[in-house]
Amino acid sequence: MSTFNGLGTATYSTKRPPAYASNKRGDPVEFLTGVSFVSVMPADISKEPIKTSDPIQGQANVIWEAYAEKQSHVESSVTVDQVPDIRKGDFVIDEEATEYHVRRVEIWPLTTATAGFLRLILEEPI
Amino acid sequence: MTTLLSRKTARDALVALFTAQDLWEGGVFGYVPKDSAVKGKSPVMFITSFGTDQTMAGRNLNPATYTFTVWSMVLSSTPDESQTESLAEDDLDNLDRVVRQVVRDNSGALGSNLILGFSDGRSRTFFLPIGGEKYIVEQFQITVKDYGSA
């Protein structure tokens, strides 16, 4: 049993904005489904989630982190077995349909195909 | 004595005018929305209140001039390169023309309470990160003159 297998009890999906077309880019569309995640948790060792303020607008956000590893899941309706393809700007949707904006993705080792895991920094506006 | 509109009415009218152009796919917002509400869409427009200039020129001729900041924004590039920095500049230039056309087309409607103009005819551009993605923003200062309704 691999490192996160026992902890990866949540199943999340992701959305990704589509490609540019006719000088426009529309609403994010479903991209990954059935991805096992270690549930989102506060991205800090202190008791409360980090609250940040966007430096330009002053918008308040709560910062979370979540972990996933190389696994079989569905990407654009095709079953794949790799580290989930998630990048900055995507949206992660949890089991309560809360959408988190992906602000940072840390992959180790640096490949999406071979054994590895990723740590996501997620932003939830409040 | 005539009754002035509220600045919100003028801002809503501006939002409706630009929404009707059907060019800002990400939406025309009459405020600055959360990053997650923009959701990586492009182009996007924000319209925010800048201030009011209340002129006192006579008993029945005291027009209010509402100034709004109009942010016309285009995504700079995408990882799949369906949008590139070069195309983004082209998009921005095209949208600049549309904004100026809208103001010019609504700048002299006789009998209308809303007359558009520019408080400063010079727009300015800069970059803004939204949701971790880089947008090019062009800001315009658009005025709406209100002579009040009878």
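**Helix 1 of chain B and the contact with chain A**

In this predicted model, helix 1 of chain B comprises 13 residues (residues 7-19), which at 1.5 Å a residue should span 18 Å, and the C-alpha atoms at its ends are indeed 18 Å apart, so that expectation and model agree. Five residues of this helix, B:A10, B:R11, B:L14, B:V15 and B:F18, are buried. Because these residues cover an arc of only 140° around the axis, they lie on the same side of helix 1 of chain B. The pattern is in keeping with the geometry of an α-helix, in which 3.6 residues make up a turn, so that residues three or four places apart point the same way. The cover over the buried residues of helix 1 is drawn from several elements of chain B, including strand 1 (28-29), strand 2 (44-54), strand 3 (64-75), helix 3 (85-105), strand 4 (114-130) and strand 5 (133-146).

Between chain B and chain A, about 2100 Å² is buried, 50% of it on carbon and sulfur atoms. Of the area that chain B buries against chain A, 25% is supplied by B:K34, B:D35 and B:K39, more than by any other three residues. The contact involves 26 residues of chain B and 24 residues of chain A. Across this interface four salt bridges are found, and ten residue pairs are in polar contact, both residues being at pLDDT 80 or more. On the side of chain B that touches chain A, helix 2 (35-38), strand 3 and strand 4 each supply at least two residues. A salt bridge joins the side chains of B:K41 and A:D27, with an N to O distance of 3.3 Å.

The loop between helix 1 and strand 1 of chain B contains B:E25, which counts as partly exposed because its relative accessibility is 39%. Leaving aside neighbours within four places in sequence, B:E25 is in contact with A:K24, A:R25 and A:G26 of chain A, as well as with B:S42 and B:P43 of chain B. The latter two residues are joined by a cis peptide bond, with omega about -10°, and B:P43 is placed in the loop between helix 2 and strand 2 of chain B.

Most residues other than glycine have a negative phi, and most peptide bonds are trans. Against this background, B:D22, although not a glycine, has a positive phi of about 60°; B:D22 is located in the loop between helix 1 and strand 1 of chain B and is exposed, with a relative accessible area of 60%. A positive phi of about 60° is likewise found at B:E81, which is not a glycine; B:E81 lies in the loop between strand 3 and helix 3 of chain B and is exposed, at a relative accessible area of 59%.

Key
Residues are numbered from 1 along each chain as its sequence is written. Chains are lettered from A and ligands numbered from 1 in the order in which they are written. This is a predicted model: local features need pLDDT of at least 70, side-chain atom pairs count only at pLDDT 80 or more; totals for chains, interfaces and linings use all residues. Side-chain values use heavy atoms; hydrogens and water are left out. Helices (H or I, at least four residues) and strands (E, at least two) are DSSP runs, numbered from the N terminus. The expected span of a helix is 1.5 Å times one less than its number of residues. Buried means under 20% relative accessible area, exposed over 50%, partly exposed in between (1.4 Å probe, protein chains only). The arc is that of the directions from the helix axis to the C-beta atoms. Contact means heavy atoms within 4.5 Å. Buried area is the accessible area (1.4 Å probe) that two parts lose on being put together, summed over both. A polar contact is a pair of N or O atoms within 3.5 Å; within protein, one must be able to donate a hydrogen and the other to accept it, and residues adjacent in sequence count only if both atoms are side-chain atoms.
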